[in-house]
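Visitor: Could you take me through one part of this model up close? I'd like to hear how the strands and helices are put together, contacts included.

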Amino acid sequence: MERKLTTNQLKRMPSYLDLLRRLANDGIKYISCQTIADCLSLNKEQVRKDIALVSQDVGVPNKGRKINDLIKDIEIVLGLNNDYCAVLIGVGSLGTALLNYGGFTNYGLKIIAAFDNKVELINKEVNGIKVYDINYLKDYIADENIHIGIITVPRDYAQDVADLLVEAGIEAIWNFAPVSLVVKEGVIVSNMDMAQSLATLSHKLYLKQNRG
């Protein structure tokens with residue numbers, strides 16, 4: 001059965017998963033919604049509704065749900081039981097930082113190649129990931145059956161890169177460029193707007209400092 005999460009529920013799931021994995025590694029077998037809520041400073045009823053949506057297991061009285069089963073349920077709903085290969089385009093400071101980050105594999109994402117148009121970067125490796133000429137992008141995607149493209153180029157080049165990815169058959173784009181991309185219907189785009197996030201953070205800090 002397909003279970004569709006709201007945006008806010010989807011944002012909470014990685015926190016649940018991280019907590020459950022840590023507890024499982026500590027040898028804990030069962031957990032209640034109350035415990036999850038307490039650990040993450042969330043509302044118990046909110047947690048209960050979230051967990052009920054992803055898991056059909058009602059749990060054991062006075063113990064809660066089996067942690068390992070709940071981990072599997074969340075992984076299935078988030079699609080983490082599938083391993084998706086990705087390519088990254090734009091090996092600047094941000095792109096390099098993402099290539100060096102090892103946590104993506106915990107969420108079903110494996111970056112297997114990077115692309116750039118700078119001659120000095122071609123054929124180099126970042127964290128064991130080879131950098132290829134951007135002109136080879138479409139052929140590489142076709143040969144390796146890539147599902148996800150990660151854009152970390154300057155905003156003026158982001159749409160051109162998105163067009164290349166779509167033409168090559170990419171199904172999903174994770175966009176770090178501060179621009180709205182135009183893609184054909186059926187292509188999934190997730191925008192990581194750091195300027196918007198910083199503005200939200202700054203505004204909340206402003207309100208806190210000026211609270212009367």
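What follows is a walk from the central strands outward, and then over to the helices at the start of the chain.

Guide: Sure, and keep in mind that this is a predicted model. Let's begin with the sheet. Seven strands form an open sheet, and reading across it the order is S5-S6-S4-S3-S7-S8-S9, with mixed pairing. At the edges sit S5 (125-126) and S9 (188-191), each of which pairs on one side only.

Now zoom in on strand S3, residues 84-89. On one side, S3 pairs with S4 (residues 109-116) in the parallel sense, over six bridges. S3 also pairs with S7 (residues 148-151), again in the parallel sense, this time over four bridges. A handy residue to click on is Val87, which stands opposite Ala113 in S4 and opposite Gly149 in S7. Further along, Ile89 stands opposite Ile151 in S7. As background, strands of a sheet pair through backbone hydrogen bonds, either parallel or antiparallel.

How does the chain get from S3 to S4? Helix H5 (residues 93-100) is part of that story: S3, H5 and S4 make a right-handed β-α-β unit.

Two other helices lie across these strands. Helix H6 (residues 137-144) lies across S3, S4 and S6 (129-133), and runs at about 155 degrees to S4. Helix H7 (residues 155-167) lies across S3, S7 and S8 (172-175), running at about 170 degrees to S7. So S3 turns up under both H6 and H7.

Next, the helices H1, H2 and H3. In general, two packed helices are described by the angle between their axes and the distance between the axes. Take H2 (residues 33-40) and H3 (residues 44-54): their axes are 8 Å apart, at an angle of about 120 degrees. H2 and H3 are therefore oblique to each other, and their crossing is right-handed. From H2, the contact uses Cys33, Gln34, Ile36 and Ala37, while H3 brings Lys44, Val47, Arg48 and Ile51. Sorted by class, that contact of H2 with H3 has five nonpolar, one polar and two charged residues.

Helix H1 (residues 7-25) meets H3 too: the two axes come within 11 Å and cross at roughly 90 degrees. That makes H1 roughly perpendicular to H3. Here H1 supplies Gln9, Arg12, Met13 and Tyr16, and H3 supplies Gln46, Val47, Asp50, Ile51, Leu53 and Val54. The class count for H1 with H3 is six nonpolar, two polar and two charged residues.

That leaves H1 against H2, which pack at about 105 degrees with their axes 11 Å apart. These two helices, H1 and H2, are therefore roughly perpendicular to each other. Ser15, Tyr16, Leu19 and Leu20 of H1 touch Ile36, Cys39 and Leu40 of H2. By class, the contact of H1 with H2 has six nonpolar residues, one polar and no charged ones.

If you want residues to follow from one contact to another, try Tyr16, which H1 uses against H3 and against H2. Ile36 of H2 likewise takes part in the contact with H3 and in the one with H1. On H3, Val47 and Ile51 are among the residues that meet H2, and both are also listed in the contact with H1.

Conventions. Residues are numbered from 1 along each chain as its sequence is written. This is a predicted model: local features need pLDDT of at least 70, side-chain atom pairs count only at pLDDT 80 or more; totals for chains, interfaces and linings use all residues. Side-chain values use heavy atoms; hydrogens and water are left out. Axes are lines fitted to C-alpha atoms, for helices over the stretch in contact, and angles run from 0 to 180 degrees between N-to-C directions. Angles under 35 degrees count as roughly parallel, over 145 as roughly antiparallel, 65 to 115 as roughly perpendicular and the rest as oblique. A crossing is left-handed if the near helix is turned anticlockwise from the far one by less than a right angle, and right-handed if clockwise. Contact means heavy atoms within 4.5 Å. Ala, Val, Leu, Ile, Met, Phe, Trp, Tyr, Cys and Pro count as nonpolar, Asp, Glu, Lys and Arg as charged, and the others, Gly among them, as polar. Two strands pair if DSSP finds at least two bridges between them. A crossover is right-handed if, with the strands pointing away from the viewer, the path from the first strand over the helix to the second runs clockwise.
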